[in-house]
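Open your viewer and set it to a cartoon view, with side chains ready to switch on. We will go from stop to stop, selecting a few residues each time.

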Amino acid sequence: MTPGSSSFLDFLAEHRPELVPGGRRGLPEGAVVEAPHGTTIVAAVFDGGVVIAGDRRATMGNVIAQRDMEKVFPADEYSAVGIAGTAGLAIEMVRLFQLELEHYEKIEGTTLSLEGKANRLTTMIRGNLGMAMQGLAVVPLFAGYDVELGRGRIFNYDVTGGRSEERGFTATGSGSVFARGSMKKLYREELTADQAATMVVQALYDAADDDSATGGPDLARKIFPIVSLITEDGFRRLTEAEVTEIVVAITDERLTRPNGPQAPLI
């Protein structure tokens with residue numbers, strides 16, 4: 001380790017640069033890679049924490065590459081990452097990010113602030129810019145519980161590593177426009193954890209309704225969105241039974257109201 005350095009990413013860049021995003025060689029000029037892409041991730045702040053959820057579909061061009069891909073991962077005890085973009089690179093980046101946070105905690109004897117974690121992720125995304133410019137982009141969504149402020153927070157990114165903190169709710173990926181439009185009508189600041197979980201599943205349902213790359217709830221195969229809550233008690237992924245209950249309630253309601261809940265005009 002370099003004296004005074006608590007970054008696993010810096011250590012890796014020095015000794016195995018080919019394993020760092022951006023450290024690997026780019027594609028040959030004119031090369032085209034068909035790789036699975038993850039799609040829609042949504043997140044929302046509620047009273048006491050934050051919820052983050054993702055659909056399960058991965059696409060490769062016009063083909064469904066995988067129906068049950070996992071796109072939401074715990075980063076540490078109080079934060080999580082949802083991935084959109086090139087699936088293989090995205091999962092690799094998440095694993096490296098998890099190691100980065102774990103390494104920092106072991107070296108410094110304390111955890112990074114939520115702001116610090118968001119900054120570390122910025123650096124990793126920016127390092128992958130060369131691959132992103134060749135079509136292998138990774139665009140994660142980062143959410144966590146800020147133990148210092150006592151509330152949930154959400155950070156959105158672009159392919160250059162540009163970061164913005166989102167207020168209330170946000171989405172990323174191919175179905176993000178439709179998901180954000182759905183949450184814009186459903187979001188309330190006083191949402192409970194259960195209500196927030198229902199809202200993000202509604203948003204993913206609406207995204208799947210208009211975006212072919214986003215997978216809706218698959219009742220036949222029992223493949224449902226991954227929904228995770230982060231509160232002062234830490235990260236918790238909703239169980240299959242909990243998500244099934246939400247999905248069944250939404251699906252039953254949409255049999256008579258296919259466009260979903262209706263917001264008042266005024």
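The tour below visits a sheet with its helices, then a central strand pairing, a loop residue and a helix pair.

Before you start, keep in mind that this is a predicted model.

**Stop 1: the five-stranded sheet.** Select 72-76 and 163-166, which are strands E6 and E11, the edge strands, each pairing on one side only. They bound an open sheet in the order E6-E7-E9-E10-E11, with antiparallel pairing. From one strand to the next, the twist averages 25 degrees. Now add E9 (residues 141-146) and E10 (residues 151-157): six bridges join these antiparallel strands. To see one facing pair, pick Ala143, which stands opposite Ile154 in E10.

**Stop 2: helices on that sheet.** Select residues 87-108 for helix H2, which lies across E6, E7 and E9 and runs at about 20 degrees to E6. Next, show residues 114-127, helix H3, which packs on the sheet and touches E6, E7, E9, E10 and E11. The direction of H3 makes about 15 degrees with that of E10.

**Stop 3: strand E13.** Select residues 226-231. Is this strand covered or bare? E13 is mostly covered, with six of its six residues buried. Turn on the side chains: Ile226, Ser228 and Ile230 point one way, while Val227, Leu229 and Thr231 point the other way. Such alternation between the two faces of the sheet is what a regular strand shows.

Now bring in the partners of E13. Strand E3 (residues 49-54) runs antiparallel to E13 and is joined to it by six bridges; look for Gly49 opposite Thr231. Strand E14 (residues 234-237) also pairs with E13 in the antiparallel sense, over four bridges, and here Ser228 stands opposite Arg237. A hairpin of two residues links E13 to E14.

**Stop 4: Arg57.** Select Arg57, in the loop between E3 and E4. Which residue, 156 places away in sequence, has its C-alpha 7.0 Å from that of Arg57? It is Ala213. Beyond its neighbours within four places in sequence, Arg57 has contacts that include His37, Gln66, Lys71, Ser212 and Thr214.

**Stop 5: helices H6 and H7.** Finish with residues 193-210 (H6) and 240-254 (H7), whose axes come within 10 Å and cross at roughly 55 degrees. H6 and H7 are therefore oblique to each other, and their crossing is right-handed. Show side chains at the contact, among them Val201 and Tyr205 of H6 and Ile246 and Ile250 of H7. By class, this contact has six nonpolar, three polar and two charged residues.

Notes:
Residues numbered from 1 in each chain as written. Predicted model: local features only at pLDDT ≥ 70, side-chain atom pairs only at ≥ 80, totals over all residues. Heavy atoms only, no water. Axes fitted to C-alpha atoms, helices over the stretch in contact; angles between N-to-C directions. Parallel < 35°, antiparallel > 145°, perpendicular 65-115°, else oblique. Left-handed = near helix turned anticlockwise from the far one by under 90°. Contact = heavy atoms within 4.5 Å. Nonpolar A, V, L, I, M, F, W, Y, C, P; charged D, E, K, R; others polar. Buried < 20%, exposed > 50% of the residue type's maximum accessible area, 1.4 Å probe, protein only. Pairing = 2+ DSSP bridges.
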